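Visitor: I'm new to this one. Could you pick a single part and take me through it slowly, then show me what lies around it?

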Amino acid sequence: MSIVRSLTLAAVLLALPLVTHAQAQSQAQTAPYAGKTAYSEISPEAQVARMSRGGVNIIGGYEPWWNDGPSKFSPQDIARTKAAGFTLIRVPLFAFQHLRKDGTLDPAYLKKIDTIVSLAEDSGLDIILDEHDFEICAKDVDGCSTSLANVWYELSAHFRNAPNSVMFELLNEPNGNVDDAIWNGWLPDLVSIVRETNPTRNIVIGPTMWNSIDKLPTLKLPDDRHIIATFHYYSPFQFTHQGASWAGADIQKLRDVRWKGDKAEVDAIAADFDKVVAWSKANNRPVLLGEYGSYGQYNPNMDDRAKWTAAVSKAADARGFARAYWYFEDGNGFGVWDADKKQWRKPLLDALITKGQ
Ligand code: BGC
């Protein structure tokens with residue numbers, strides 16, 4: 001039986017509900033994930049507290065591992081993150097490309113996700129399944145609305161029995177054509193899709209403009225207790241993204257932009273994060289800093305990168321945010337792990353792991 005999950009363009013343009021309730025039950029075609037631990041309800045505040053010693057983004061959809069290609073990722077990397085002191089992994093999924101014509105996810109892909117979830121469970125790590133098709137969504141709102149609904153029907157049904165260490169993040173960094181009206185219009189329906197099978201699992205949701213702090217005030221979260229709010233932090237962008245080809249011509253040509261950790265620089269982080277605290281208190285939502293990091297390909301100053309990473313981590317910890325560094329391993333990019341040398345980039349690792357807890 002196939003699932004009918006279509007949507008009219010008019011509904012998208014008017015930011016009307018994403019799907020109707022008639023399009024109810026998911027028909028996940030593989031057996032649901034059977035965790036070793038039974039699910040039990042945990043408040044979003046308790047979950048954020050549990051994750052608060054630091055997390056890392058790992059095994060993103062970019063990795064050839066997902067399509068059985070040669071990959072630097074090895075399953076031991078999950079246990080390695082735990083052994084180093086991390087408490088959380090965030091897994092950026094490119095699930096859209098694994099949707100079949102009937103709107104179901106390829107069972108082989110679900111098995112791949114099972115492998116990662118199971119490794120996280122074995123290691124005692126919390127894990128966020130993050131839908132990371134944000135670039136497709138930014139351009140094709142109509143296609144995204146259908147794919148996103150389908151993906152969440154599928155993942156929710158498949159992971160409905162997973163332990164509470166598994167969380168769902170509805171969409172990484174909504175941006176472009178996914179503006180406030182569209183995003184706020186979709187959220188109640190996306191959350192109800194998840195709630196059909198996961199009444200209390202914690203869901204991670206962030207604002208538009210690439211999960212910008214400045215867009216938190218326009219985020220309209222559904223009336224649901226089990227939500228963790230998220231934002232991303234790459235400021236100053238000229239420092240964190242110097243040389244990055246995907247960040248626009250002006251940023252791409254930047255070299256040797258320094259961050260020395262002087263008072264004004266550290267105070268700027270505090271001022272930004274205090275805005276998040278004010279929002280969090282006013283809206284009664286715990287917070288995850290889901291991505292932060294600095295691109296190293298054209299930045300020779302590892303000392304600056306380590307100082308920035310430590311300052312952001314410390315500022316997050318001081319305010320009770322959970323956090324996940326971008327990224328585990330990506331050659332000479334952001335990565336805290338060097339897969340060629342099979343060793344941690346120590347200055348970054350030391351900046352990320354909270355000592356003495
Ligand atoms: C994107 C990556 C990018 C990173 C920093 C992530 O959300 O998926 O491609 O490297 O942000 O810009």
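Guide: Happy to. One bit of vocabulary before we start: two strands pair if DSSP finds at least two bridges between them. Strands (E, at least two residues) and helices (H or I, at least four residues) are DSSP runs, numbered from the N terminus. Do keep in mind that this is a predicted model, where local features need pLDDT of at least 70 and side-chain atom pairs count only at pLDDT 80 or more, while totals for chains, interfaces and linings use all residues. Residues are numbered from 1 along each chain as its sequence is written.

Our part is the barrel, and we'll go through its middle strands. Eight strands close up in the order β1-β2-β3-β4-β5-β6-β7-β8, with parallel pairing. From one strand to the next, the twist averages 25°; axes here are lines fitted to C-alpha atoms, for helices over the stretch in contact, and angles run from 0 to 180 degrees between N-to-C directions.

Let's walk along, starting at strand β3 (residues 126-131), which pairs with β4 in the parallel sense over four bridges. L129 has F168 as its bridge partner in β4, and F168 also stands opposite I203 in β5. Strand β4 (residues 166-169) is joined to β5 by two bridges, again running parallel. E169 of that pair has V204 in β5 as its bridge partner. V204, in turn, has the bridge partner I228 in β6, and three bridges join the parallel strands β5 (residues 203-205) and β6. Carry on and you find five bridges between β6 and strand β7 (residues 287-292), also parallel. There, H232 is partnered with E291 in β7.

Now, how enclosed are these strands? A residue is buried if 20 or more other C-beta atoms lie within 10 Å of its own, exposed if 12 or fewer, and partly exposed in between, with C-beta atoms placed from the backbone. In a regular strand the side chains alternate between the two faces of the sheet. On β4, V166 and F168 point one way, M167 and E169 the other, and all are buried. On β6 (residues 227-233), seven of the seven residues are buried, so the strand is largely enclosed by the rest of the structure. I227, A229, F231 and Y233 cover one side, while I228, T230 and H232 are on the other.

E291 turns up again beside the ligand: it is around it together with N172, E173 and W326, where a residue is near a molecule or strand if its C-beta atom, placed from the backbone, lies within 6 Å of it. By class, that shell has one nonpolar, one polar and two charged residues. Ala, Val, Leu, Ile, Met, Phe, Trp, Tyr, Cys and Pro count as nonpolar, Asp, Glu, Lys and Arg as charged, and the others, Gly among them, as polar.

Last stop, two loops. S52 is in the one between α2 (44-50) and β1 (55-57). S52 counts as buried because 20 other C-beta atoms lie within 10 Å. Leaving out residues up to four places away in sequence, S52 touches D317, G320 and A322; contact means C-beta atoms, placed from the backbone, within 7 Å. G331 is in the loop between β8 (322-325) and β9 (337-338). With 12 C-beta neighbours inside 10 Å, G331 counts as exposed.

Conventions. Two residues are in contact if their C-beta atoms, placed from the backbone, lie within 7 Å.
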